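Open the model in a viewer and keep the selection tool at hand. The stops below are given in the order in which to select them.

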Amino acid sequence: MALVNRSFGLNDKSEVIVRDVDSQRWDYEQVAIALHKVTRQKVAVMIAKLLKLDTSASVDLSKFKDAAQVPDWSKAMIGAIVAKGIYNGYDHGTLGYDKIMTRAEMIVILDRALSVTVTYVKAGVYGPETGHETIVGDVLLNASGVSLKKEMGNLTLKVYNQ
């Protein structure tokens, strides 16, 4: 909660109504900001809204075993987050949309959300037809068969195991 609150400069508070958070604890203020424990689904919705992602495009989530159970109210936003490469499923093939977000998962998602500028999620050739394209930030290649034109300039490749 503290990571999201600080990363996006959130500081509006509500009354804390949970019994296991004492007003004298260090995390009380962060809980007041976040209001409640957050599932992976709710984090995806918050990040999609904070980044103002386009949620109008339909993203195929069928590769995830639990995609059919994702509620309609969050499906488009989870799709947008998946399409941007910010949100991935688990090794066993599920989104885990209803699981409570761990601190480690939150750190990874926030890092991706704050650093990914451009994501290529479909095979194809990308880059300008003429001239050069400058991208400030990271480029995420989240599909096989992606080619970048020479005019994309100098790129540094980082490989992350997921």
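The tour covers a predicted model and goes from a charged pair to a helix, a nonpolar core and a loop residue.

**Stop 1: the charged pair**

Select R40 and E105. These two residues form a salt bridge, with 3.2 Å between the closest N and O atoms. The structure holds one such bridge, so there is no second one to look for. Colour the helices next: R40 belongs to α3, which covers residues 40-50, and E105 belongs to α5, residues 103-115. The pair links distant parts of the chain, 65 residues apart.

Is each partner buried or exposed? R40 has a relative accessible area of 3% and is buried. E105, at 16%, is buried as well, because the cut-off is under 20%.

**Stop 2: helix α4**

Select residues 72-83, which make up α4. Put a distance between the end C-alpha atoms: they are 17 Å apart. What span should the twelve residues give at 1.5 Å a residue? The expected value is 16 Å, so the two figures agree.

Now show the side chains. The buried residues of this helix are S74, M77, I78, G79, A80, I81 and V82. They pack against α3, the helix that also holds R40. Just beyond, G85 follows α4 and has a positive phi, near 80 degrees.

**Stop 3: the largest nonpolar core**

Which members of the largest nonpolar core touch the most other members? Select I47, I78, I81, Y87 and L95 for the answer; the core has 26 residues. The elements giving two or more residues to this core are α3, α4 and α5. In soluble globular proteins, nonpolar side chains tend to be buried together.

Keep I47 selected and show what surrounds it. Beyond its neighbours within four places in sequence, I47 is in contact with F8, I81, I86, I109, L110 and A113. One of these, I81, is also among the core members that touch the most others, and I81 is one of the buried residues of α4.

**Stop 4: T94 in the loop**

Finish with T94, in the loop between α4 and α5. Although T94 lies in a loop, T94 counts as buried because its relative accessibility is 13%, against a cut-off of under 20%. Add H92 to the selection: the side chains of T94 and H92 make a polar contact of 2.8 Å. Then add F64, K65, D66 and G89, which T94 contacts when neighbours within four places in sequence are left aside.

Note on methods
Residues are numbered from 1 along each chain as its sequence is written. This is a predicted model: local features need pLDDT of at least 70, side-chain atom pairs count only at pLDDT 80 or more; totals for chains, interfaces and linings use all residues. Side-chain values use heavy atoms; hydrogens and water are left out. A salt bridge is a side-chain nitrogen of Lys or Arg within 4 Å of a carboxyl oxygen of Asp or Glu. Helices (H or I, at least four residues) and strands (E, at least two) are DSSP runs, numbered from the N terminus. Buried means under 20% relative accessible area, exposed over 50%, partly exposed in between (1.4 Å probe, protein chains only). A polar contact is a pair of N or O atoms within 3.5 Å; within protein, one must be able to donate a hydrogen and the other to accept it, and residues adjacent in sequence count only if both atoms are side-chain atoms. Contact means heavy atoms within 4.5 Å. The expected span of a helix is 1.5 Å times one less than its number of residues. A nonpolar core is a set of buried Ala, Val, Leu, Ile, Met, Phe, Trp, Tyr and Cys residues joined through side-chain atoms within 4.5 Å.
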